[in-house]
Each structure stands twice: as C-alpha cells, then as structure tokens.
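Hi,

Here is the model I promised to pass on. Have a look at it first, and then read my notes below.

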Amino acid sequence: AHSVFALPFAVLGAFLAAHAGAVPAPRFAGQLAIILLCMFFARTWAMLVNRLADWRFDRDNPRTARRVIASGRLSPREGWLVALACASCFMICCTLFWFLFANPWPTILGLPVLAWIALYSYTKRFTFLCHLFLGGALAASPIAAAIAVAPQTIFDPESLQSAIYLISGFVLFWVAGFDVAYALADIDFDRRTGLHSIPARLGPRGALWVARLLHLCAYACLLLAWLAAAPFGTLTLGAIGAVGGVLIAEHIVLARRGVAGLPLAFFTLNGIVSLLLGAVGVADVLI
C-alpha cells in the first residue's frame, strides 16, 4: 500500500519536469506510459523482495501469516523467479528511454534504484530507523520520474529543481510517519523476535510523537514546494490546507483509538492525501 500512495507524486514529478523542460505533449505521453510501467514492475519487485526477506517472520506473525510466501502458496524459489522477472522488465522499460528519447539516465540508474528500494526489507534487522529507509525508497519516485522526462530539470537551479526535491522530502517524511504508526500493530512481535522499529524502541506513546514530528516536517516540505513552484497556485494551496486537516484527523484517530484506528488512519486518510495532492498538483501545472 505504501508504494501505491507514492504513485500520484511520481506522476506529479513527471508533469513538473515536462513543464520545466517544455516537453512536447506527444513525447511526454509516451514517457509517462513507460514511467507507469516502471512503477508497476518496481513496486512488484520491492513487494516480493519484502515477502521473501521476511517470510519466516511473517509465518510466525498472526497479522502476516496469510501472506502468499509465508503461507506456502508460493515457494521462495518461485517468488525469486517472479521478482527477477519484474526487475528485468523494469530494466527493459528503463532502456526504452535511451532508445526512444535519447535519455540514458534511467538505464544507468535502474539497478541502483532496484537495490535501494529492496534495501528497506532488511533494515528492521539492524536499525529502528527502518521507517526512514522506506520513506526514502518511495521519495525517489518523483525525482526518478523527473529524470526520465527531462533530466536537466534535476540539475538546473533555474528550473523546478527545488520543488521536485521538496515534494520528495514530503514523501519521505510522510511515508516514514505513517509507517511508524503502522508498526504499532507489530510492537509486541518485533520486541519478541528482536526486530527493530521506533514503536518497539520507544513504545506506543513515543512512537506517536515521532510520527507527529515526521508529519510536521512533511508539511513544511509541502509548503516550501508550493512556494518554490510557480505552476502551483490557489488550487494547490487549498489542497495543502485540506491535507493539513487530514493529517490532524489521522493523528486524532490514532491518539483516541490506537491500533484499532489504523485501518482508517493508514488506508483511508493517507489515500485521500495522496490522491488529493497528486490530482490538484497536476491540475495546477496543466492550468
């Protein structure tokens, strides 16, 4: 679910890069189609690596015991075959940018990106900051989309470079914050098995305060992105205000209901944040 929430921000990063680089509409349509394919294959790769890395833990955790590899419906060998097939398809899609649009950067950076997004699955073994690694993996998506569309926008300070980086900063802190809250569901299991997380280290109360601080940092990045991007106007500012209200509501739900409030706070409210900001941001760029 985390990666689905990041998809609208990848699309927004692509639109910002196309706007800054004055990319013709037909060219951008083809680029966006390949970006969406890359997102699909990268997401499937990362999710399978996560299931493969954790299947022994998942098997012993009642919350995750029914996952496809933990339950035995898919063997680890079969899982790796599918994961490697997705990684190969991702690299093929990256190479299309080189052949179709004379942009070698997605091909050059493809393997490091696959390694980066797979790393999170192993971080709970050695650091309670694993939530930031997850946020960082998804925060790469707006930057990667911008590089695929118009790589000069990432390096040119006169373009929308800072806005794209700030949107990635928002994704980093936003995802890390709600992953801290999501990890409350596994606090006892993590402590029992020696896995690391902020809830396991600080307890529920401390974890919720960390999640609030991370979301405050995310909101600051969002406001700075609005200031940095000329295409963002009143529509985006209104959406940012609404997102502030949604984040406050999310933390009220968690404070009052604890783990019982996770389905509402994690899936419903975060889905609203993702879709609202992505759709309104794109609309402002187009207008």
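Where is the place of alanine 145? Alanine 145 sits in helix α5, a helix here being a DSSP run of H or I with at least four residues, numbered from the N terminus.

Before I go on, a word on the basis: this is a predicted model, where local features need pLDDT of at least 70 and side-chain atom pairs count only at pLDDT 80 or more, while totals for chains, interfaces and linings use all residues. Residues are numbered from 1 along each chain as its sequence is written, and side-chain values use heavy atoms, with hydrogens and water left out.

**Alanines in α5**

Back to alanine 145: because its relative accessibility is 3%, it counts as buried (buried is under 20% relative accessible area, exposed over 50%, partly exposed in between, with a 1.4 Å probe and protein chains only). Leaving aside neighbours within four places in sequence, alanine 145 is in contact with Ala10, Ala14 and Ile35, contact meaning heavy atoms within 4.5 Å. Its C-alpha atom is 16 Å from that of proline 24, with the two positions 121 residues apart along the chain.

Helix α5 also holds alanine 137, which is buried at 8% relative accessibility. Outside its neighbours within four places in sequence, alanine 137 is in contact with Trp116 and Ile117. Alanine 137 and alanine 200 are 63 residues apart in sequence, and their C-alpha atoms are 22 Å apart.

**Helix packing**

Alanine 145 turns up again where α2 packs on α5. The axes of α2 and α5 (residues 130-149) are 10 Å apart, at an angle of about 140°; axes are lines fitted to C-alpha atoms, for helices over the stretch in contact, and angles run from 0 to 180 degrees between N-to-C directions. The crossing of α2 past α5 is right-handed (the near helix is turned clockwise from the far one by less than a right angle; anticlockwise would be left-handed). On the α2 side the contact is made by Phe28, Gln31, Ile35 and Met39, and on the α5 side by Ser141, Ala145, Ala148 and Val149. By class, that gives six nonpolar, two polar and no charged residues, where Ala, Val, Leu, Ile, Met, Phe, Trp, Tyr, Cys and Pro count as nonpolar, Asp, Glu, Lys and Arg as charged, and the others, Gly among them, as polar.

What about α3 and α4 (residues 105-123)? Their axes come within 8 Å and cross at roughly 150°, and this crossing is right-handed too. From α3 the contact takes in residues including Trp80, Phe90, Phe97 and Trp98, and from α4 residues including Pro106, Leu111 and Tyr122. The residues divide into 12 nonpolar, three polar and no charged.

**Loops**

Two alanines in loops have positive phi. Alanine 22, between α1 and α2, has phi near 50°, and alanine 102, between α3 and α4, has phi of about 55°. Alanine 22 is exposed at 63% relative accessibility, and alanine 102 is exposed with a relative accessible area of 66%.

Asparagine 61 is in the loop between α2 (25-60) and α3 (76-101), and at 7% relative accessibility it counts as buried. Apart from neighbours within four places in sequence, asparagine 61 is in contact with Asp186 and Phe189.

**Cavities and a pocket**

How many cavities of 30 Å³ or more does the structure hold? There are two. On a 1 Å grid over the protein atoms alone, a cavity is a set of points where a 1.4 Å probe fits but cannot get out, and a pocket is an open set with protein on both sides within 12 Å along at least five of seven lines; lining residues have an atom within 4 Å of a point. Points are joined across faces, edges and corners, and a volume is the space filled by probe spheres set on them.

The largest cavity has about 90 Å³ of space. Helices α1, α7, α9, α10 and α11 each supply at least two residues of its lining, with the largest share, three residues, from α9. The lining includes Phe9, Phe170, Trp226 and Phe232, and by class it has 10 nonpolar, two polar and no charged residues.

The second largest pocket has about 180 Å³ of space, and α9 (198-228) and α10 (234-257) each supply at least two residues of its lining. Among the lining residues are Arg212, His215, Tyr219 and His251; the whole lining divides into six nonpolar, three polar and one charged.

Best wishes
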